Amino acid sequence: MSFLSTEYFSTFAKWISDKASQSYVGFSAFLIVLVWAIAGFPLHFSMAWNLIIGTLSAVISVLMLFIIQNSQSRHTIAIQLKLDEIIRATKGAHNEMMDIEKLTDEDLGRIQKKYGLLAEKTKEDLKKGKLDTHTPEVIKEIEKIEQLL
């Protein structure tokens, strides 16, 4: 395994994001900016002073961008997997919703429209005093109740 492998970067990014999220890091950053601003007076806000802080802040910003993106991607994948498991384990859930994030924008739009229509139907049914879901089990229960009446 090489030093530049994704496993090393992922481990490093996780460690940095865990450390960077601590309150003392934010406070330290505030102190650094304060010291930098105060140091500008004796240095007469020189070009070197501006160049050093500009370069440092740009480098840190770019590195943090990649680290934050890595962390966000990891969290998004974990949440998506948890949601997929909830869908899989829930009786009456639509299993085709698992792994839906990989669909095209057009397919997602069609599904969004379908669920929008379902939400409107549910709102209408609630106003009429009907149950608020249209899963197969509830539909069967409604049919049983209607047959008894």
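How much surface does the protein chain expose, and what share of it do carbon and sulfur atoms supply? In this predicted model, the exposed surface comes to about 12400 Å², with carbon and sulfur atoms supplying 69% of it. As for the inside, 10% of the 149 residues count as buried.

The fold itself is quick to describe. The protein chain has five helices and zero strands, so reading from the N terminus the elements simply go α-α-α-α-α. Among contacts with a separation of 6 or more, 32% link residues that sit 24 or more positions apart.

Confidence varies along the way. The average pLDDT of the protein chain is 81, and 86% of the residues score at least 70. Helix α3 has the highest mean among the elements, at 88, while helix α5 (residues 136-148) has the lowest, at 66. Where pLDDT is low, the predicted coordinates shouldn't be read in detail.

Back on the surface, F9, F12, W15, V62, L65 and F66 make up a nonpolar patch of about 640 Å². Both α1 (6-20) and α3 (47-89) chip in, each with at least two residues of that patch. One of the patch members, L65, lies in helix α3 and counts as exposed because its relative accessible area is 52%, over the 50% cut-off.

Helix α3 also holds D84, and here the picture is a buried one. Despite being buried, D84 has no salt bridge: K102, the nearest side chain of opposite charge, is 7.6 Å away. Leaving aside residues up to four places away in sequence, D84 touches M97, M98 and D99.

Note on methods. Residues numbered from 1 in each chain as written. Predicted model: local features only at pLDDT ≥ 70, side-chain atom pairs only at ≥ 80, totals over all residues. Heavy atoms only, no water. Patch = residues over 30% accessible without salt bridge, like charges linked within 9 Å, V, L, I, M, F, W, Y side chains within 5 Å. Areas by Shrake-Rupley, 256 points an atom, 1.4 Å probe, with all protein chains shown as cover. Salt bridge = Lys/Arg side-chain N within 4 Å of Asp/Glu carboxyl O. Helix = DSSP H or I, 4+ residues; strand = E, 2+ residues; numbered from the N terminus. Buried < 20%, exposed > 50% of the residue type's maximum accessible area, 1.4 Å probe, protein only. pLDDT = per-residue confidence, 0-100. Lys, Arg positive; Asp, Glu negative; His and termini not counted. Contact = heavy atoms within 4.5 Å.
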